[in-house]
Amino acid sequence: MRSFSALDLIGAHEWRRATFTTYSLSASFAEAVLVEALMRQGVSEITVLTDPLGYRMALRERGAVRVGREYIVHPVAVRDGCFHPKVMVLEAADAVHATVGSGNMTFGGWSANLECIEHVYAEGRAAALSDLGRFFTALADSSACEHYARDHCRSLGGRLATAASGGTDEGGLRILSTLDGPIAGRIVAAASVLGGARSLTMASPYWERGAVEALARDLGLEAVAAHVPPCRVPAPRGMDWPRGSPAVRPVEVEALAADGVSRRGLHAKVFEVGCVAGRIVVSGSANATAAGLSRGGEAMRNVEVCALRVDLAKGGRWKSVPAKAPPQPVAFLEDEEGDADRGVLTAEHADGGILGRIITRWRSASAAATMEVNRRPVDLGPVRIEAGRFFIPVELVDHEDLDLEGRVQLLLVGDGEVAEGFVAAPDFGAVKGRAGKSLASMLAIMKNMQTPEDVLAVMEFFRKNPEALRTPTGFRAKTDGTQHERPDPLVDPDLVGRGGDAGEPCGDGEASTGGKVSSEQAWQKFVARLLQAFARAGGVTEDEEDEGDRIEKARRIRAARAMDKIGVRFPQFFNQFVDRIQTDFELVNVIRMTHFVCVTTSHPSTDALVARLVTVAGGMNLGETARDTVAWCLAYLAAGSLLDAAEARARMMTAGIDPDREPDPEFALPGFAELMAPEADMAFVLAAIRATRTVHDDVRTLEAALLEGRKLDGLSALPLHEGWEELRRQCAAPGRRRVHFVDRPVAACPACNITLLPYLKSELARKGVCETRCHGFILARNP
């Protein structure tokens, strides 16, 4: 038997989607091995269908934190049986490949056990690929299977059928499913086509005597060769071997007992039927039991999927030698579930709350809901349940907790019954599709675990996708004055009311999409969180290098090369985006991006870059977040001595920022302070800016004093102007006063509209005061 690695198949192409079916599920194994491998290949949608047993296994694995975000798990409850197929489907724009095997999505199924696997693809095996498409379509429509992935299965079935229609078929492989009928019946029919059966050899971890004898009888055989493996996996009590059957002859199949495989516990289910005109090899998920082989269609118990290979070559049959029946086992596969009666549910983070459905049997009309967010329990109160469906508006949980990082579980406790499941972010697949191969770097940045390669990857992403920096989501942008400024969802949690009716069913039982957050909204929220991470970024930390560690040395070489590329490319990147700034939210986004790159690379020109950004801000109409962000930037420049306190105050006034109000700490960019003025006390710097008086402050004070008839007290900047004595004399003569106040520097006299001479315009812009011959002094309230 040839060796084949499904992991090698994953790494052989740039896939877009991946779907798995499994009975038992180790979520920690899946995340450490499969999800990582798939994401490296650019997969944007990973879906796992599992039996409720596997779903409960994943719920118990607290170390698995990516479920519901980077991949989705759907439990499939089968009436009177279990969901047992082991299938993998990998899809790309130019190829579709699949595997049908015996291994579960666990370490044992993918590494430790002896398993069987069949490779399915369109060129040469199109009929098998089409069969697999019919299986998923049947799973979508099956009334015997309760699950929440019907749309996914139906779409996948259609895509597999399309891929198969463009392929070729050599007639040697078909895929069987108990949804269509008993596996045994298809084996008998195939043997008949080859002239009838002459022998039957079976290898399986679990057996039932009656099923083995029934298959032999249907094939017209009196004896069955049953493989005795050198190493066995534990079996349920009484199912380790078809003991007591007169038809069973124990053998050792050479290919299943050879060196290299003999020490691995046999979990493969593979049967060979020798026929007059060739042989049939059946492999897959079906054990040598009635549920696996004899029951199907309307009488189905387990959902099984097997591959049936027809081999017309002579001399290819298995070689075996007589063996002794295995001894009675000392250990058995006991029921591992202490919570077998615990129900399972699926739920999605919808717009305004959680939309879900209980998959297993449920009777209570209401339940107490508890959500666990990254191991933190949150009591959500009572929830109404109708036909297993529910909707929970959430008022006590930040939306961020439900979006991207960590696992979220939901527990419902009813009248003597309990159901539990994951809360999925349904639009994360769309986020992965938009982010592409930069996603891993983006997630690392959100956790402040970035490397220089991550910085370069994200910088290049925004260079190629400049529209991503135009998202208004993530801060309070300037409005037209007709509505209140929108709260920042990254700062102010979205709070909605408790209670509410259960979600209305729609169509084939899938959740209604009317309340779901759209893909575009999910993407904007993701970008907003990334930009928020830019504002919190710290430097890239490096440990002492181990000269003897070749891997570490290679990593440092890669990091150094990335830093060199950032140094060369970032100035052009910065100029490109500064020139495109048109709105205040674009300004804030570019400031955050600049902060991130400068802080993580210790950029030597940070102060010059910040100075240019605040200059751009001076000509814009800023919203609250932009005003606070720019105020902090000006404070950092003052702390670094690039500006004095008076100039910083004047620049704040130019940008429409109140210099006497301390900027909101939520919008501080502390990395700038560490780079530009590491020893500065920012509280002292801000206090100095508030205490400083500018000419424009004095102009406002002077105007108020003249209007109110007060003395000209409290002026400190205007008396330093060379024309102060004449200005004071003018102010003292109200009948003949030649003093005019303007909001900002102007180009013409406000009294006669005569254009100011160039030197007067310059003086008014620089000093806030100029004296004209026509109508005296012009004083600007603001820079």
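**Colleague's note: from a surface loop to a buried strand cluster**

1. Q328 has a relative accessibility of 53%, so this residue is exposed (exposed is over 50% relative accessible area, buried under 20%, partly exposed in between; 1.4 Å probe, protein chains only). Please keep in mind that this is a predicted model, in which local features need pLDDT of at least 70 and side-chain atom pairs pLDDT 80 or more, while totals for chains, interfaces and linings use all residues. Residues are numbered from 1 along each chain as its sequence is written, and side-chain values use heavy atoms, with hydrogens and water left out.

2. Where does Q328 sit? Its place is the loop between β18 and β19; strands are DSSP runs of E, at least two residues, and helices runs of H or I, at least four, numbered from the N terminus. The C-alpha of Q328 lies 8.2 Å from that of D240, although 88 residues separate the two along the chain.

3. Another loop residue to look at is K314, between β17 (305–311) and β18 (320–322). K314 is exposed because its relative accessibility is 83%. From C-alpha to C-alpha, K314 and A277 are 8.4 Å apart, with their positions 37 residues apart in sequence.

4. Now the overall picture. The protein has 783 residues, of which 55% count as buried, and its fold includes 23 helices and 28 strands. About 34,200 Å² is exposed, with carbon and sulfur atoms supplying 49% of that area; the areas come from the Shrake-Rupley method with a 1.4 Å probe. Of the contacts (heavy atoms within 4.5 Å) with a separation of 6 or more, 76% join residues 24 or more positions apart.

5. For a buried example, try T50 in strand β2 (residues 45–50). T50 counts as buried because its relative accessibility is 0%. What does the side chain of T50 reach? It reaches the backbone oxygen of T22 at 3.3 Å, a polar contact (N or O atoms within 3.5 Å, one able to donate a hydrogen and the other to accept it; residues adjacent in sequence count only if both atoms are side-chain atoms). Beyond four places in sequence, T50 touches T22, Y23, L25, Y55, V73, H74, P75, V76 and F83.

6. The partner, T22, belongs to strand β1 (residues 17–22). T22 is buried too, because its relative accessible area is 1%. Setting aside residues up to four places away, the contacts of T22 include V48, L49, T50, D51 and F83, and P85, N104 and M105 are also among them.

7. V78 is worth a look as well: V78 is in strand β4 (residues 77–78), and at 9% relative accessibility V78 is buried. Which residues does V78 touch, not counting those up to four places away? They are F83, A144, C145, M300, R301 and V303. The C-alpha atoms of V78 and N302 are 7.1 Å apart, despite a gap of 224 residues along the chain.

8. On to the empty space. Rolling a probe the size of a water molecule over the atoms shows where such space is left. The whole structure holds 7 cavities of 30 Å³ or more; a cavity is a set of points on a 1 Å grid over the protein atoms alone where a 1.4 Å probe fits but cannot get out, and lining residues have an atom within 4 Å of a point. The second largest has a volume of about 80 Å³, where points are joined across faces, edges and corners and volume is the space filled by probe spheres set on them.

9. What lines the second largest cavity? The lining is made up of Y55, G68, I72, V73, H74, Y148, T346, A347, E348, F422 and A424. Strands β3 (72–75), β19 (343–350) and β25 (418–424) each supply at least two of its residues. The lining divides into 7 nonpolar, 3 polar and 1 charged residue; Ala, Val, Leu, Ile, Met, Phe, Trp, Tyr, Cys and Pro count as nonpolar, Asp, Glu, Lys and Arg as charged, and the others, Gly among them, as polar.

10. Finally, two backbone spots to check. Most residues other than glycine have a negative phi. S602, in the loop between α15 (584–601) and α16 (606–617), has a positive phi near 50 degrees. N753 is not a glycine and has a positive phi of about 65 degrees; N753 lies in the loop between β26 (739–742) and α23 (758–767). At 60% relative accessibility, N753 is exposed.

Technical notes:
1 Å grid on protein atoms, 1.4 Å probe; cavity = no way out; pocket = protein on both sides within 12 Å on 5 of 7 lines; lining within 4 Å.
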